[in-house]
Amino acid sequence: MTEVAGTAPEPVAGPTRPSIGDLIRATEVDLRQFGMVLALVAIWVALGIVRPGILQPVNFITFSVQAAGIGVLATGMVLVIVSRNIDLSVGSVVGVIGMCYAVMMADVFPATIGVGHPLAWIIALVAGIILGVAIGAYQGFLIAYVGIPSFVVTLSGLFLFRGLTWQLSGGTTVAPNDPTFNLIGGGPEGSLGGIWAWLLGAVLCVAVVALMVNSRRTKRKYGFPLRPMWAEVLVAGISVGVILAGVYVSNAYHWPAGLATAYAADHGIAEPPGGLVIESGIPMPLLIVGAVTLVMTFLATRRRYGRDVFAYGGNPMAAELAGIRTRWTIMKTFIIMGVLCAISAAIASARLNGGTLDLGQGYELYVIAAAVIGGTTFEGGVGSIPGAILGALVMQSLQYGLGFLGMNSPQINMVLAVVVIIVVGLDAWNRRRAR
């Protein structure tokens, strides 16, 4: 072919440099959750600039433990909202189960099995889980089979179970709990510290790398597109780094000097001149949150139950026509929520060494906010359990940090209200733009 006279050949476009967005998308990281991680880091950096003393291991441990009960409940609230329902009673259920724990250990066990029985904490925990299952089944039955809206049922439960908490206690605080049970709430003795924390961190690092390698092999086997190798290495490196950094921060907090001295005296340990240094490590509530997150993520993504919940939330009519037992699925969701309330109540009651009348009060608002901030939509069918955990951390970080700066509770609540509105508003705007 010959060129037409008087025309210049078209320039050949050179290779374009990928944008930052292209690089992030190549890693297949959830952009919403990635943004929440950045927001969490930004919150702590800003707080550290305003008040440098807040960036201490003890503060990170404290706010993480405070977020544990909310995080446990948020994993279940995701599935409740995904199924186009709501649960306003979680705080009151936590309160009544926590009071049941306290009454059993402070009043019932001393008159029956005796004080300090080695199985007392197990019996109490099993009884609390059974009570949580019963409460979840009661509310789930009314919602799924009787047809009463979840808002009405759980609003009724909010008042009912708060009243039962008062009746159980007679209007007073009930204490103390069994000492072994209290280890569930964390504290220096209720933590996995020292070499055990590092061993757990190493196991988690190996597990993360093994899962990523297995996922890549499975995708290659069935012909699915693969992430670039640099992206695989980057994600694996960041994941391992976060795990090891978490263990380091946990072990950087040491037992108080007086408690370490008492421990040395009780165990016949010669205390060195500078005092005995015992690494506190990973608190039990954080281990519980991690285990609950793994189990709930497995149920939501790897089991038929999870697929049924998301299918129902996406299109209830289609799910019914597809043969999904939608009523039983909804009832199971509230039963699971009841079990999670029992676990959260154990953490809260153990931290307080007893049951109080305001135990769990206001939890429902923080739990719903954590789920929504984490990407769960009230339209149903969309939600993320890891995102809900991040949402709980964001909420608790703001609450703890603002309190550290001297704000009172009403002021903190106003800030949190604005944050929730902004996050949900941005999410709604993004969804409309995507359509």
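**A walk through a two-domain helical model**

Thr 75 is a good place to begin: its relative accessible area is 0%, so this residue counts as buried. Thr 75 sits in helix α3. Setting aside neighbours within four places in sequence, Thr 75 is in contact with Val 292, Thr 293, Met 296, Leu 340, Ile 385 and Ile 389. Please keep in mind as we go that this is a predicted model.

Let us step back to the whole chain. The protein has 17 helices and two strands. Its C-alpha trace spans about 105 × 70 × 45 Å along the principal axes. Of the 435 residues, 42% are buried. If you take the contacts between residues at least 6 apart in sequence, 80% of them join residues at least 24 apart. The contacts of Thr 75 with residues such as Val 292 and Ile 389 give you a concrete case to look at.

Now for the division into domains. The domain assignment gives domain 1 as 32–180 + 284–427, and domain 2 as 194–279. Domain 1 is thus written as two segments of the chain, with the range of domain 2 falling between their numbers. The C-alpha centres of the two domains lie 26 Å apart. For a single pair of residues to try in your viewer, take Val 45 and Lys 219: they are 174 residues apart along the chain, and their C-alpha atoms are separated by 38 Å. Val 45 is found in helix α2, residues 31–50, and with a relative accessibility of 45% it counts as partly exposed.

How do the two domains meet? Five residues of domain 1 are in contact with five residues of domain 2. Interface size is often expressed as the accessible area lost when the parts come together. Here, domain 1 and domain 2 bury about 390 Å² between them, and 91% of that is on carbon and sulfur atoms. On the side of domain 1, the residues that lose the most area to domain 2 are Pro 57, Val 58 and Ile 61, which together account for 76% of what that side buries. Helix α3, residues 57–82, supplies the largest share of the side of domain 1 that touches domain 2, with four residues. This is also the helix that holds Thr 75, where our walk began.

What is the chemical character of that surface? The residues of domain 1 that touch domain 2 divide into five nonpolar, no polar and no charged. Across the interface, the rule finds zero salt bridges. It also finds zero residue pairs in polar contact there, counting pairs with both residues at pLDDT 80 or more.

Salt bridges do turn up elsewhere. Side chains of opposite charge can pair when their charged atoms come close. The structure holds three salt bridges. One of them joins Arg 216 to Glu 232, with the closest N and O atoms 3.1 Å apart. Arg 216 lies in helix α8 (residues 195–221) and Glu 232 in helix α9 (residues 229–252), so this pair ties together parts that are 16 residues apart in sequence. Glu 232 also forms a salt bridge with Arg 227, where the closest N and O atoms are 3.2 Å apart. Arg 216, Arg 227 and Glu 232 are therefore linked in a network of salt bridges, given that each bridge is a side-chain nitrogen of Lys or Arg within 4 Å of a carboxyl oxygen of Asp or Glu. Arg 216 and Glu 232 are both buried, and Arg 227 is buried too.

The remaining bridge to visit is between Asp 308 and Arg 304, at 3.7 Å from N to O. Both residues lie in helix α12 (residues 304–314), four residues apart, about one turn of the helix. Their surroundings differ in accessibility: Asp 308 is buried at 12% relative accessible area, whereas Arg 304 counts as exposed at 56%.

Our last stop is Ser 92, in helix α4, residues 90–111. Ser 92 has a relative accessibility of 1%, so it counts as buried. What does its side chain reach? The partner is the backbone oxygen of Leu 158, at 2.7 Å. Leaving aside neighbours within four places in sequence, Ser 92 is in contact with Gly 157, Leu 158, Phe 161, Arg 162, Thr 165 and Glu 364.

Methods. Residues are numbered from 1 along each chain as its sequence is written. Side-chain values use heavy atoms; hydrogens and water are left out. Domain bounds come from an automatic or database domain assignment. Contact means heavy atoms within 4.5 Å. Buried area is the accessible area (1.4 Å probe) that two parts lose on being put together, summed over both. A polar contact is a pair of N or O atoms within 3.5 Å; within protein, one must be able to donate a hydrogen and the other to accept it, and residues adjacent in sequence count only if both atoms are side-chain atoms. Ala, Val, Leu, Ile, Met, Phe, Trp, Tyr, Cys and Pro count as nonpolar, Asp, Glu, Lys and Arg as charged, and the others, Gly among them, as polar. Buried means under 20% relative accessible area, exposed over 50%, partly exposed in between (1.4 Å probe, protein chains only).
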